[in-house]
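Here are some short exercises to work through with the coordinates open. Try each task before you read its solution.

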Amino acid sequence: IIAAKGLEGLTAGKLASHIGLRRTVVHYHFGTMDDLLAALVTRSSANARKEVRNQFKPATLGEDIWNLYSVILPGAEAIRARAMASKVVGQAYQAASEELIALLSGMLLEAYRLRGIEPEIQTNIMARTILMAAQFVGSQRSLGGSSNIDEVEQFMRSQFAITKASE
């Protein structure tokens with residue numbers, strides 16, 4: 001529903017109709033739409049982390065992170081915006097973000113150590129920096145921005161080139 005109609009198109013009634021239940025069942029299980037969105041964030045984040053663990057390789061980790069998170073999906077952006085406006089969604093989003101950072105941090109540390117290198121900065125800082133920059137570049141591109149975006153991307157790619165070195 002979110003992919004087809006946007007976050008504003010998601011209502012308890014539309015969701016209930018889509019899955020063949022009554023709207024009261026949706027409200028019974030989730031209370032409010034924010035509770036539903038928080039559950040959606042938690043579940044989709046767990047699925048995304050599972051995919052990251054299964055698909056990302058130490059040899060290309062930085063590139064993999066960049067390629068996935070520099071693509072902006074309008075539904076994801078709408079949920080991020082809702083997370084800023086709703087305490088319930090915000091808490092779920094923050095918890096999901098911390099779990100993703102922990103996973104990526106551990107994977108980055110493993111990628112460095114497989115090469116016999118001790119990272120110069122903490123891998124959780126690396127993971128946050130790559131994610132934030134990727135999301136920023138993706139957002140700017142989706143909005144049509146072009147001022148130095150390519151240079152930012154080139155700089156960021158140079159910062160995680162370790163994942164291509166010594167292969």
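**Exercise 1: a pair within one helix**

Glutamate 77 and arginine 80 sit 3 residues apart in helix 6 (residues 74-85), which is about one turn of the helix. Keep in mind that the model is predicted.

Task: find how far apart the closest N and O atoms of glutamate 77 and arginine 80 are, and classify the burial of both residues.

Solution:
- Step 1. The closest N and O atoms are 2.1 Å apart, and the pair forms a salt bridge.
- Step 2. Arginine 80 has 17% relative accessibility, so it counts as buried, because buried means under 20%.
- Step 3. Glutamate 77, at 24% relative accessibility, counts as partly exposed.

**Exercise 2: a shared glutamate**

Task: which salt bridges does glutamate 153 form with arginine 141 and arginine 157, and what do they link?

Solution:
- Step 1. With arginine 141, the closest N and O atoms are 2.8 Å apart. Glutamate 153 lies in helix 9 and arginine 141 in helix 8, so this pair ties together parts 12 residues apart in sequence.
- Step 2. With arginine 157 the N to O value is 2.9 Å; these two residues are 4 residues apart in helix 9, about one helical turn.
- Step 3. Glutamate 153 is buried at 13%, while arginine 141 is partly exposed at 37%.
- Step 4. Glu63 and Asp150 join Arg141, Glu153 and Arg157 in a network of salt bridges.

**Exercise 3: a covered helix**

Task: how many residues of helix 5 (residues 61-69) are buried, and which helices do they pack against?

Solution:
- Step 1. Of its 9 residues, 7 are buried, among them Glu63, Ile65 and Trp66.
- Step 2. The buried residues pack against helix 4, helix 7, helix 8 and helix 9.

Technical notes
Residues numbered from 1 in each chain as written. Predicted model: local features only at pLDDT ≥ 70, side-chain atom pairs only at ≥ 80, totals over all residues. Heavy atoms only, no water. Buried < 20%, exposed > 50% of the residue type's maximum accessible area, 1.4 Å probe, protein only. Contact = heavy atoms within 4.5 Å. Salt bridge = Lys/Arg side-chain N within 4 Å of Asp/Glu carboxyl O.
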